[in-house]
Amino acid sequence: MNSAILSSPPTASASQSGSTVGLIAGWGRFPILVAESLKRQNHRVACAAIRGHACESLNDICDEVRWFGVAKMGGQLRFFRRHGVQRMTMAGKLFKADLMFQGSVWLRHLPDLFCIRTMAPHFITRRKDTRDDTLLTAVTDAYLARGIEVCPATDFAPELLVKQGHHSTQRLNNKQQADVRFGWTIAKQMGGLDIGQSITVKDQTVVAVEAVEGTDACIERSGNLCGKRGFTLIKVAKPQQDMRFDVPTIGPQTIELLAAAGGECIVIEADKTIVVDQDEVTRIANAHRIAIVAVNDADLAENENIFAA
């Protein structure tokens, strides 16, 4: 992995060593890495693990773990209060398509009264939409109104944010560079509309746009359309990214799926993208000759040689 990985100290808000920090844990390795980072900083960790999503290994890392359905917001709040939590964070993926469109899932995650009150404008009266940012802002505001601050997970684990540069040995060819310059602005526009964070591009044509199904399905769909002829994945933060939630993330599974689908490179946004298990990501990318480059808006606007470094 490129050695230029962000490793600045936690912010003042996150650095109160010894305090109990709440963690709402979804799917994947990200919550595990956040919990481990919190423990290294001598925090106690009270983990509200989302049933059907979070990994059971959190039981061995966190000081207190209780398993909840995703819609048991009142239970999560009482759990945090019982353990003296004043600051919490959220990490890990929720499978939104399953939660929204499969009724049997809602039976398993039957909402409590706190959740119903918080989400009624979105799911009952329909006065508000159900975009990711809208829902997650409602959740964070609800906790804040009850005295619990929601902090970015990257405040506690800043080393997971990737800095500008190459993060595999493969380099982008001229056609791929042209695809990135073509697709970057489009990806930003999609993010600004809160549709998704990722698009795939080939020959300066948008192949697929991530929506509610998520990045993995977007990659698979791109492979079905392009075959093994190669395409580029561009994954960016939203123009007004709230770092408390929905931060763009890649990990080993992303690279494996891209390789299986015939993708040839990934371009991510520097300082605003989480890379989970960074060394493993680089190893897999090198094995499949997949290029990984982290850039930002200024790079694309000002530096014509950013991909050649």
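## Strand S4, inside and out

In S4, the side chains of Arg87, Thr89 and Ala91 point one way while those of Met88 and Met90 point the other, and all of them are buried. That fits the general pattern: in a regular strand, side chains alternate between the two faces of the sheet. Keep in mind that what you're looking at is a predicted model.

How many residues of strand S4 are buried? The strand covers residues 87-91, and 5 of the 5 are buried, so S4 is largely enclosed by the rest of the structure.

## Who sits beside S4

S4 pairs with strand S1 (residues 20-25) in the parallel sense, with 5 bridges between them. If you want a spot to find this pairing on screen, look for valine 21, whose bridge partner in S4 is arginine 87.

S4 also pairs with strand S5 (residues 149-151), again in the parallel sense, this time over 3 bridges. Here methionine 88 stands opposite valine 150 in S5. As for what holds such neighbours together, strands of a sheet pair through backbone hydrogen bonds, either parallel or antiparallel.

## An open sheet of 6 strands

Now for another part of the model. Here 6 strands make up an open sheet with mixed pairing, and their order is S6-S13-S11-S9-S7-S8. Which strands are at the edges? They're S6 (165-166) and S8 (205-209), each of which pairs on one side only.

Within this sheet, S7 (residues 198-202) and S9 (residues 232-235) run antiparallel and are joined by 4 bridges. To locate the pair, go to threonine 200, which stands opposite leucine 233 in S9.

## Cysteines

If you're wondering about disulfides, a search of the whole structure turns up 0. Are cysteine 115 and cysteine 226 buried or exposed? Cysteine 115 has a relative accessible area of 7%, which is under the 20% cut-off, so it is buried. Cysteine 226 counts as buried too, with a relative accessibility of 7%.

## Two aspartates with positive phi

Aspartate 194 isn't a glycine, yet its phi is positive, near 60°. You'll find aspartate 194 in the loop between helix H9 (174-192) and S7. Its relative accessibility is 10%, so aspartate 194 counts as buried.

Aspartate 277 also has a positive phi, about 55°, without being a glycine. This one lies in the loop between strand S12 (274-275) and helix H12 (278-287). At 23% relative accessibility, aspartate 277 counts as partly exposed, because that label covers values between 20% and 50%.

Notes. Residues are numbered from 1 along each chain as its sequence is written. This is a predicted model: local features need pLDDT of at least 70, side-chain atom pairs count only at pLDDT 80 or more; totals for chains, interfaces and linings use all residues. Side-chain values use heavy atoms; hydrogens and water are left out. Two strands pair if DSSP finds at least two bridges between them. Buried means under 20% relative accessible area, exposed over 50%, partly exposed in between (1.4 Å probe, protein chains only). A disulfide is a pair of cysteine sulfur atoms within 2.5 Å.
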